[in-house]
Amino acid sequence: MKRHALKLGAVLAVVLAGACYSLDPFLYGRTRVDHYTLPAKGATPEETVPPERIEPVELVAEGGRVRLGAAYVRAAQQPPLGYVLYFHGVCCNLDAHIARPKGLSNLGYDVLVFDYRGWGTSTDVEPSEPGLLEDSRAALAWLSARAGLPADRIIYYGRSFGAAVATQLAVDAPPAALILESPFTSVQGLVRDSGNLDIPAGYLSEGEWHTEGRLPTLRGVPLLLLHGLADDFVRPEFSERLYSVANEPKQLILVDGADHEDVPQRLGERYPRTLGLFLEGSRAGP
């Protein structure tokens with residue numbers, strides 16, 4: 001069993017022991033910092049960009065009550081092929097999640113990635129499902145203004161927990177296309193799957209993050225689901241379930257040998273081809 005599964009198992013053990021504990025500290029695994037390093041060099045050439053292509057940004061949500069740390073990663077080619085709003089997973093902060101946006105920028109897209117409230121340098125207020133929707137709206141407004149395009153010309157890309165945040169915004173403001181990498185169906189689904197324990201989600205988390213319930217309401221938005229077949233943290237069955245309830249046009253790609261962290265790496269040269277072919281028919285162009 002891998003580190004992620006052990007961590008969730010420990011949380012559930014505490015809950016079942018009767019302790020006053022919720023899933024939220026796990027679901028919102030945030031790390032606070034007073035500044036970002038935003039490394040330009042990545043683990044691979046595909047995730048490395050010149051430093052001048054990374055622009056630190058501060059976003060404003062809820063009329064200035066909440067400020068969000070963010071970074072804008074520009075493509076080498078301008079204008080870019082399109083604009084991506086990137087939603088990261090639960091762990092850490094922006095510095096730990098900049099690799100995917102850099103990789104997307106090297107494929108020709110301008111990318112905005114942001115830390116939710118409580119993460120990184122963002123205002124230290126408790127995260128919540130409604131609160132993260134406000135954060136997402138602020139990020140979308142900034143990117144739409146920067147790109148000079150409406151929301152329905154922006155691509156949303158959510159990974160892991162970020163897939164739930166991206167889907168929530170997609171229902172509120174439909175994008176040009178929605179890409180979900182390694183998503184779960186809902187908090188209830190994640191808890192039940194973690195140990196075959198049918199525990200009400202409300203007992204463990206104030207948020208439901210019900211992607212499975214939201215996707216059927218989303219119409220006319222191309223959906224791409226990417227999931228590793230070796231993912232033992234968020235199992236590929238979650239993406240299969242989401243694919244079954246989503247509306248057309250939709251595509252599901254299960255990646256042999258990929259775990260929760262390395263879907264693009266395992267896809268290799270197929271990754272840019274897959275994204276390119278998927279986005280070809282969307283409204284994502286400049």
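In this predicted model, Arg-283 lies in the segment that comes after helix α12, which covers residues 270-280. Arg-283 counts as partly exposed because its relative accessibility is 39%, a value between the limits of 20% for buried and 50% for exposed. Leaving aside residues up to four places away in sequence, the contacts of Arg-283 are Asp-152, Arg-153, Pro-175, Ala-176 and Gly-220. The chain also brings Arg-283 to Ile-154: the two residues are 129 positions apart in sequence, and their C-alpha atoms are separated by 8.0 Å.

Gly-220, one of the residues touched by Arg-283, also belongs to the lining of the second largest cavity. The structure holds three cavities of 30 Å³ or more, and the second largest has a volume of about 50 Å³. Besides Gly-220, the residues lining the second largest cavity are Leu-215, Leu-218, Arg-219, Val-221, Leu-223, Ala-246, Asn-247 and Glu-248. Sorted by class, this lining consists of five nonpolar, two polar and two charged residues.

Open spaces were examined as well as enclosed ones. The volume of the second largest pocket is about 320 Å³. It is lined by 15 residues, of which Glu-46, Pro-264, Gln-265, Gly-268 and Tyr-271 are the closest to its centre. Three elements each supply two or more residues to the lining of this pocket: α4 (99-105), α11 (263-267) and α12. The largest share, four residues, comes from α4. The lining of the second largest pocket includes six nonpolar, five polar and four charged residues.

Helix α5 runs over residues 129-147. With 19 residues and 1.5 Å a residue, α5 should span 27 Å, and because its end C-alpha atoms are 27 Å apart, the expected and computed lengths agree. The expected span is taken as 1.5 Å times one less than the number of residues.

At the N-terminal end, α5 is capped by Ser-128, which has a side-chain oxygen 3.0 Å from the backbone nitrogen of Gly-131. After the other end comes Gly-148, whose phi is positive, near 70 degrees. Within α5, the buried residues are Glu-129, Gly-131, Leu-132, Leu-133, Asp-135, Ser-136, Ala-138, Ala-139, Leu-140, Leu-143, Ser-144 and Ala-147. In general, an α-helix has 3.6 residues a turn, so residues three or four places apart point the same way. Pairs with such spacing occur among the buried residues of α5, including Leu-140 with Leu-143 and Leu-143 with Ala-147.

Note on methods
Residues numbered from 1 in each chain as written. Predicted model: local features only at pLDDT ≥ 70, side-chain atom pairs only at ≥ 80, totals over all residues. Heavy atoms only, no water. Buried < 20%, exposed > 50% of the residue type's maximum accessible area, 1.4 Å probe, protein only. Contact = heavy atoms within 4.5 Å. 1 Å grid on protein atoms, 1.4 Å probe; cavity = no way out; pocket = protein on both sides within 12 Å on 5 of 7 lines; lining within 4 Å. Points joined across faces, edges and corners; volume = space filled by probe spheres on them. Nonpolar A, V, L, I, M, F, W, Y, C, P; charged D, E, K, R; others polar. Polar contact = N/O pair within 3.5 Å; in protein donor to acceptor, adjacent residues only side chain to side chain.
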